[in-house]
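Student: Hey, can we go through this structure together? I'd like to start with how the chains meet.
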There are 2 protein chains.
Amino acid sequence: MTTDASSVTGPLTIALDVMGGDHAPVSVLRGAEAVLKRRQDVQFLLFGDEAVMAAELKHCKRLAAAAQVRHTSERVLNEDKPSVALRARRGSSMRLAINAVADGEAQCVVSAGNTGALMAMAKFALKTLPGIERPALASMMPTTDGGGVVMLDLGANVECDAENLVQFALMGTVYARILLGKQRPRVTVLNIGAEELKGHESVREAATRLRQIEFHGTFEGFIEGDRIMTGDADVVVTDGFTGNVALKTIEGTARSLGKIAVTAVKRSILAKIGVVFALPALLELRKKVDPKRYNGAMMLGLRSPCVKSHGSADAVSFAHAIEAAIKLVEENVTRRIAEEIQRGATAEPAAVNAAGL
Amino acid sequence: MTTDASSVTGPLTIALDVMGGDHAPVSVLRGAEAVLKRRQDVQFLLFGDEAVMAAELKHCKRLAAAAQVRHTSERVLNEDKPSVALRARRGSSMRLAINAVADGEAQCVVSAGNTGALMAMAKFALKTLPGIERPALASMMPTTDGGGVVMLDLGANVECDAENLVQFALMGTVYARILLGKQRPRVTVLNIGAEELKGHESVREAATRLRQIEFHGTFEGFIEGDRIMTGDADVVVTDGFTGNVALKTIEGTARSLGKIAVTAVKRSILAKIGVVFALPALLELRKKVDPKRYNGAMMLGLRSPCVKSHGSADAVSFAHAIEAAIKLVEENVTRRIAEEIQRGATAEPAAVNAAGL
């Protein structure tokens, strides 16, 4: 029943898990409403409690007109283990939204619910692309040069071998080409030093292989944690444990420094005056590094795209996740990743020969 | 020949690797000179090139009086592998400084040189404490509540099992008691979720064991990357790979955000005016989170203390590393860690019994 999204014709349709996330269903429905102001051609399938949705849809006129409501009272809980969710939540809003993509009714699913459950269900129902061992969670992050960087895996796979990391690199390359518009993204592997002899064996092996194969990116070796956001890389590849720690450490450091700065400013009357002058620039800055703009992590390596919104997303933030989903469908990310993996698998012997080995 | 630092009598003596670090020897010598302004009772052994030192010592009157120069023209290079440094740099300034501690001539060594070489040499020459399998690199980091947090391992051990992590927790507890002055530090293990079922097996096993044993801290379970700096923990335990990535990610995020902020302010005349008003508060803030203040990572688990300064340390920063070393000697960190490990090893059956198992 699994259909390649790129083969679906008809209007662009996104399936939404309306019950997932801290601020659901309001954040989900108002997010979709906001998207419809800019994109009248998108349709939505809304999975969740009909009565709960009905009340909110009164405030979302565009969405009420452009959406089909699919009722279910079942939902995935935050504390559900992935295995339990997979077995016991087959009628949940999350699972039904995923099924709609598997059945070809929609081209992408967006959920702000339980990450582990979403990944397990999506992998099971949407299936991985041929040649892909494990899907990975990828996201864009801001960089100091005003661009952005694609980082993966952000938590889908705690243990990764070299082959997994190489596949992440190939998938991340496609994603960076689409999101950053770069012809040959600069691909790096996260490590604790630039030297070849440092880090886990899997990381060193992956680097060796990435030097040998031909793909649509340029492999630039290892990168350390302090250069993730400097604009030195377009793709940062890492295992899901390290990636998740790094992602959350970036979020936490940004928030902590902001808090320390606010405390320092609050204690000084002069500084408060200064802030009034600096306000427009500060708001501009805030917009630039606003995590809301970077909401929408993508599960790469599935036969159809699946987008994970941050659990704490509000409507603005959720709208960004939907827009990420639209872009993935329109840019045929699934088909392009399949091609890149195919290419990576076949190009290898030639590349090795070319290197005179 | 290895002597417990706590048994050494006579003046407090620190051995310095004068040739290690990006700004050596000036940063090292001026750092020591700065310390002597506050602490006239400290003595130094200076290992490095006599001629190079002589020129700089003319500007460091106090140090010239309070130090013995030990000449060597050999030094550890940044690109030396640990194994090579261990074998081939036996006459280097780093190794001789470490030997001075092993021989009881000094109570602590400080170096801003090659981290891998320093760890290998220190482990070999100073030996680990009884019961300690692997030493760990620990450091203080700033928190939003104005306190600080001890994080380890920051890169000494790429692969760690549960037992290693438990020992890091015990060592980190002692270090936090000394540095933060807390009777019962709150100890956490870095993971990608608060739930018991997430993360590497080693991490989950370590948590189970830390719940069972009695020690001088309170085990508070898992912590995620976004809460390292929030003041929710006094000790964050992790393997050296993840710890190093997290540490550098914190440094990099802080630097990147600072750069983005400066760019935003520079583009706005109003904001520039604002900065003038806010300057005192901003300088105060800078001082609070200044990485220089947090310089000086400690190798915990050795029979004598060894402090690693950041390679890019200037004189101010290096002075902080020396002061960290002095504190470690005066607070008998080595003896106290030995006691805690001993206690952890013996207290376990009792604790298990008390829990009714």
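**Where the chains meet**

Tutor: Sure. Chain A and chain B bury about 4700 Å² between them, with 75% of that area coming from carbon and sulfur atoms. Buried area is the accessible area, taken with a 1.4 Å probe, that two parts lose on being put together, summed over both. This is a predicted model, where local features need pLDDT of at least 70 and side-chain atom pairs count only at pLDDT 80 or more, while totals for chains, interfaces and linings use all residues. Residues are numbered from 1 along each chain as its sequence is written, chains are lettered from A and ligands numbered from 1 in the order in which they are written, and side-chain values use heavy atoms, with hydrogens and water left out.

Student: Which three residues supply the most of the area that chain A buries against chain B?

Tutor: Ile192(A), Phe241(A) and Ile260(A), which supply 14% of it.

Student: And how many residues does the contact take from each chain?

Tutor: It takes 52 from chain A and 52 from chain B, where contact means heavy atoms within 4.5 Å.

Student: How many salt bridges go across the interface?

Tutor: The rule finds two between chain A and chain B; a salt bridge is a side-chain nitrogen of Lys or Arg within 4 Å of a carboxyl oxygen of Asp or Glu. Lys248(B) forms a salt bridge with Glu224(A), and their closest N and O atoms are 2.1 Å apart.

Student: Which element gives the most to the side of chain A that touches chain B?

Tutor: H9(A), with 20 residues. Helix H9 (240-266) and helix H10 (269-289) of chain A each supply at least two residues there. Helices (H or I, at least four residues) and strands (E, at least two) are DSSP runs, numbered from the N terminus.

Student: New topic: what's the volume of the second largest pocket?

Tutor: About 430 Å³. That volume is the space filled by probe spheres set on grid points, which are joined across faces, edges and corners. A pocket is an open set of points, on a 1 Å grid over the protein atoms alone, where a 1.4 Å probe fits, with protein on both sides within 12 Å along at least five of seven lines; lining residues have an atom within 4 Å of a point.

Student: What lines it?

Tutor: The second largest pocket has 18 lining residues, and those nearest its centre are Met140(B), Leu179(B), Arg293(B), Tyr294(B) and His320(B). H11(B) gives the most to this lining, with four residues.

Student: Where are the cis peptide bonds in chain B?

Tutor: One joins Ala24(B) and Pro25(B), with omega about 0 degrees. Pro25(B) sits in the loop between strand E1 (13-17) and helix H1 (26-38) of chain B. Another cis bond joins Leu152(B) and Asp153(B), again with omega about 0 degrees.
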